[in-house]
Each structure stands twice: as C-alpha cells, then as structure tokens.
Amino acid sequence: IFPGTVSASGRPATLGVMGGGQLGRMFVHAAQRLGYFTAVLDPDPHSPAGLVSHHHVQTDYSDASGLAQLAALSDAVTTEFENVPAGALQTLAGQRPVAPGAAAVAIAQNRIEEKSHFVACAHVSGVSCAPYAVIETPAQLEAVPAELLPGILKTARMGYDGKGQVRVKNAAELAAAWGELKQVPCVLEKLMPLKAECSVIVARGWNGDIVGFAPQRNVHVDGILAVTHAYESNMPAALALRAQAATKSIANHIGYVGVLCVEFFVIDDGSEHGGLIVNEMAPRPHNSGHHTMDACDVSQFDLQVHAMAGLPLPAPRQHSPAIMLNLLGDVWFDPQGQMRTPDWQAVLALPGAHLHLYGKLHARPGRKMGHLNITGADLAGVKATARKAADILG
Ligand code: ADP
Ligand code: MG
C-alpha cells in the first residue's frame with residue numbers, strides 16, 4: 001500500500017489504528033508524514049490520536065458498526081494498545097490486512113499465554129522467563145512451591161504500568177493478595193534480583209524481514225517507566241546481542257508482523273555481567289522506544305507504518321546517544337500539590353532537547369502527558385543536559 005495513491009473507489013491510501021492514545025497519535029504523525037491519510041477508532045472524542053487524524057471513528061472497540069467503518073476507511077489496520085479485543089482484530093482481518101494479528105495480540109494480552117510462548121521459544125531465544133506458577137484455582141494456590149516466594153502476583157490480564165500486581169513474601173500474603181485481586185486468573189512470579197531492566201524493539205514485515213533497534217536500559221519508578229538510556233554503553237555488549245537475538249526469535253516464532261517490544265531483566269546471577277530473563281512483550285511501539293523519534297534515522301512509528309503497509313523495512317541507524325525522560329502528570333504539580341505550568345521556556349532552551357506532548361488537556365499524577373528526548377554529539381553532553389532538564393522539571 002503506497003502512500004499518496006488513490007484507490008479505484010477514489011479513497012486516498014489510508015492507514016487505520018485501533019486505539020487513540022499517545023502511541024496512536026505518534027503513529028498517525030508518522031503515517032501522515034509519508035503522505036497517508038489516517039483513521040483512528042477510539043470511543044473518547046478527545047483522544048490524542050483522534051484529535052490529529054483525518055478520520056476518527058468514535059465507538060467502542062468491539063462495536064460492529066465502528067469496526068465496519070474503520071475497515072471501510074482503511075487499507076490496513078494496526079493497533080496501539082494490547083487490550084483491544086482480539087475478536088475485533090479478527091473481524092477486521094476478514095476485510096483488511098491487520099498487523100499485528102489477533103493471535104499475536106492475544107498472547108501479549110494474557111500473561112499466562114505470554115509466559116508459555118516464552119517457554120516454547122526458550123530453546124531458540126536462549127532466554128527464559130522468571131520461574132512462575134499459574135493461579136486460577138484455590139488448588140493451584142495451595143500447590144504453589146515455596147521457592148517461588150517471595151514473589152509478585154500479577155493478574156493474567158489488563159495489567160500495565162505496575163497495576164494489577166501485588167508483592168508477596170509468604171503463603172499467607174499470597175492468599176490474601178489473590179483475594180484482593182478478586183481471585184481472577186493470575187501468575188505468581190518469583191521476585192528476581194534485578195541489576196537492570198532493558199527492552200528491545202523490532203519490526204517484522206509480511207515477508208519475514210526483520211529489523212531492530214539496539215536495546216535500551218529502562219528505569220522504572222513506582223512501576224512506571226521514568227527514564228530510558230539509549231546509547232551503546234548502557235549495558236554490556238554480550239547481553240545486548242543476546243537480547244536482540246532473543247527478541248527476533250520471539251517475533252519469528254509466531255510469524256509476528258508489525259512492531260514488537262520485548263522487556264528483559266538483567267539479573268544478578270553471580271556472573272560478571274549478570275543473566276538475562278525475558279519479562280513481557282508489547283505488540284506495538286513502546287514507551288521505551290520514544291528516543292527513536294529523535295535519535296534514529298527511522299523511528300519505531302515509521303517502522304510500524306512500513307511493516308503494516310508492506311513497505312521495505314530499512315535497518316534503523318541511531319545517529320546520537322539519547323536519554324528519554326517521561327513526563328508524567330506529576331510534573332504539572334508543585335511540591336504543595338498546586339497545579340503549575342512546567343517551565344517550558346527553560347526546557348526548550350536546552351540544546352538537544354526535543355519535547356513531545358500528547359495533547360492531553362488534564363494532567364493527573366501518573367498520567368503520561370509527554371516525553372522529552374535529549375540528544376547530542378556526545379554522551380557526556382547528553383547526560384549533562386538530561387540532568388538540567390530533570391532539575392527544571394523538578
Ligand atoms: P507491567 O505490565 O505493569 O509493565 P511488569 O511485569 O513489566 O508489568 O512489571 C512492572 C515492573 O515490576 C517491572 O518493570 C519490574 O521493575 C518489576 N518486576 C516485575 N516482575 C518482577 C520480578 N519477577 N522480579 C523483580 N521485579 C519485577
Ligand atoms: Mg512492563
């Protein structure tokens with residue numbers, strides 16, 4: 001599907017996306033820059049992507065008429081959040097190319113499926129996940145082996161940014177936590193000794209071509225990504241290569257099409273650099289890949305466009321070291337809890353600072369409002385600028 005073309009019915013080449021959040025917005029921008037028209041399906045009339053798209057279908061994700069409208073408007077459809085009902089993607093796939101497909105998204109939506117997938121490709125990826133147990137019944141709760149504790153109980157579905165997770169030290173806390181989570185299907189994961197966290201983003205095309213970015217190191221605060229370090233020395237080279245290879249095999253194993261992000265833990269296993277464990281995967285561009293918009297010649301959103309439309313997948317080249325600072329709604333409040341406007345004057349005066357705001361009008365603590373990419377000629381300069389920016393944003 002080439003941009004700037006017009007179909008026999010007179011419709012300009014249009015790319016559709018399920019979900020209208022910030023990831024959808026950045027996808028829309030990337031698609032439009034190439035000359036595509038865009039269509040967004042999201043019930044929220046003020047959704048960040050809906051506000052900037054040519055078309056905005058304002059229905060629920062599983063609404064039959066909404067899906068029909070999106071299919072009629074679009075030449076191909078992608079998704080920007082993993083909790084879109086897999087059935088909706090299946091419906092769309094009956095009419096248009098959909099990438100990633102319903103099956104891949106269904107795996108990423110359910111930690112139980114996701115972990116089975118990681119286990120199934122461990123022999124090719126060379127990386128396993130943390131020891132875990134599935135808890136769907138009281139009998140499974142009783143049978144949890146002691147060596148999984150202390151651990152983290154995670155709901156199988158709908159968890160994100162650390163939500164739907166409870167840390168438990170012993171069997172009694174585990175039982176209480178499962179009650180707190182309303183006894184929905186869960187996985188209990190052993191608490192791992194983390195040295196660091198990293199993620200790898202790849203894009204795979206319909207023909208199986210696959211390209212990717214180097215791993216980035218991620219720092220989370222309260223379960224939410226706070227800072228991404230994207231430069232060569234951010235982790236040992238041997239681990240970086242293993243993480244890249246593992247991500248490609250995790251994508252290849254299910255014939256994935258689109259952009260995939262895989263999150264890893266670097267754990268302290270007594271070895272010099274530590275061991276690598278796979279944590280979870282997102283069937284879409286990822287918050288930890290936002291630096292690619294300013295530090296690479298092709299961004300993760302450009303690759304999402306290329307992959308779904310069947311365009312060539314150029315190997316991305318990073319031309320600058322980068323640090324990404326997530327801008328949560330907290331930045332809009334002073335220490336006394338009073339609303340304020342962040343000092344954009346000072347931020348925008350910093351050389352190499354690239355501000356991305358998502359068009360959300362109401363700041364709330366923990367809400368992802370935007371991000372700030374810092375790039376520069378050398379790493380020391382980038383780090384110094386990032387420190388200044390963090391001070392300004394306080
Ligand atoms: P989410 O879907 O909320 O991103 P994750 O499974 O990635 O859920 O967990 C959020 C964060 O919690 C991780 O980034 C990591 O910091 C911490 N965490 C999760 N699982 C473990 C574990 N098994 N051991 C240690 N820390 C963990
Ligand atoms: Mg995570």
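Is Asn 218 buried or exposed? I would like to open with that question, and before answering it I should say that what we are looking at today is a predicted model.

The answer is that Asn 218 counts as buried, because its relative accessibility is 6% and the cut-off for buried is anything under 20%. This residue sits in strand β12, which runs over residues 216–221, and its side chain makes a polar contact of 2.9 Å with the side chain of Ser 199. If we follow the chain on from β12, we come to the loop between β12 and β13 (224–230), where Asp 222 is found. Asp 222 has a relative accessibility of 75% and therefore counts as exposed, and its phi is near 55°, which is a positive value in a residue other than glycine.

Let me turn now to ligand 1. There are 20 residues around ligand 1, and those that come nearest are Lys 154, Gly 162, Glu 197, Asn 279 and Glu 280. When the residues of this shell are sorted by character, six are nonpolar, five are polar and nine are charged. Several strands take part, since β7 (151–155), β8 (165–168), β9 (186–190), β10 (194–204), β14 (258–267) and β15 (275–282) each supply at least two residues of the shell. In terms of domains, the shell draws at least three residues from domain 2 (131–190) and at least three from domain 3 (194–393).

Which atoms of the protein come close enough to ligand 1 to be listed as polar partners? In the side chain of Arg 111, an N or O atom lies 2.9 Å from an oxygen atom of ligand 1, and in the side chain of Gln 165 an N or O atom lies 2.8 Å from an oxygen atom of the ligand. With Lys 190 the partner is in the backbone, where an N or O atom is 2.9 Å from a nitrogen atom of ligand 1. As for how far the ligand is covered, on its own ligand 1 has 540 Å² of accessible area, and the protein covers 92% of that.

Next comes the metal. Which residues coordinate the magnesium ion, ligand 2? They are Glu 263 and Glu 280, each through an OE atom, at 2.0 to 2.7 Å. Because Glu 263 belongs to strand β14 and Glu 280 to strand β15, the pair ties together parts that are 17 residues apart in sequence. Glu 263 counts as buried, with a relative accessibility of 10%, and Glu 280, as I mentioned, is also one of the residues that come nearest to ligand 1.

Now I would like to move to a helix. Why can we say that helix α11, residues 300–309, is largely enclosed by the rest of the structure? The reason is that 10 of its 10 residues are buried, among them Phe 301, Asp 302, His 306 and Met 308. At the N-terminal end, Ser 299 caps α11, with a side-chain oxygen 3.1 Å from the backbone nitrogen of Phe 301, while just after the helix Gly 310 takes a positive phi of about 75°.

Two further strands deserve a moment. Thr 79 is in strand β4, residues 76–79, and counts as buried at 1% relative accessibility, and a polar atom of its side chain lies 3.1 Å from the backbone oxygen of Phe 81. Met 18, in strand β1, residues 14–18, counts as buried at 0% relative accessibility. Although Met 18 and Glu 82 are 64 residues apart along the chain, their C-alpha atoms are separated by 9.6 Å.

Finally, some details of the backbone in the loops. The peptide bond from Ala 99 to Pro 100 is cis, with omega near 0°, and Pro 100 is found in the loop between α3 (86–93) and α4 (102–109). The peptide bond from Leu 149 to Pro 150 is cis as well, with omega near -5°, and Pro 150 has its place in the loop between α7 (138–142) and β7. In the loop between α8 (171–180) and β9 we find Gln 183, whose phi is near 55°, again positive in a residue other than glycine, and which counts as partly exposed at 46% relative accessibility.

Technical notes: Residues numbered from 1 in each chain as written. Chains lettered and ligands numbered in written order. Predicted model: local features only at pLDDT ≥ 70, side-chain atom pairs only at ≥ 80, totals over all residues. Heavy atoms only, no water. Near = heavy atom within 4 Å. Polar contact = N/O pair within 3.5 Å; in protein donor to acceptor, adjacent residues only side chain to side chain. Areas by Shrake-Rupley, 256 points an atom, 1.4 Å probe, with all protein chains shown as cover. Helix = DSSP H or I, 4+ residues; strand = E, 2+ residues; numbered from the N terminus. Nonpolar A, V, L, I, M, F, W, Y, C, P; charged D, E, K, R; others polar. Domains from an automatic or database assignment. Donors = N, O, S within 2.8 Å, 3.2 Å for Na, K, Ca; no water. Buried < 20%, exposed > 50% of the residue type's maximum accessible area, 1.4 Å probe, protein only.
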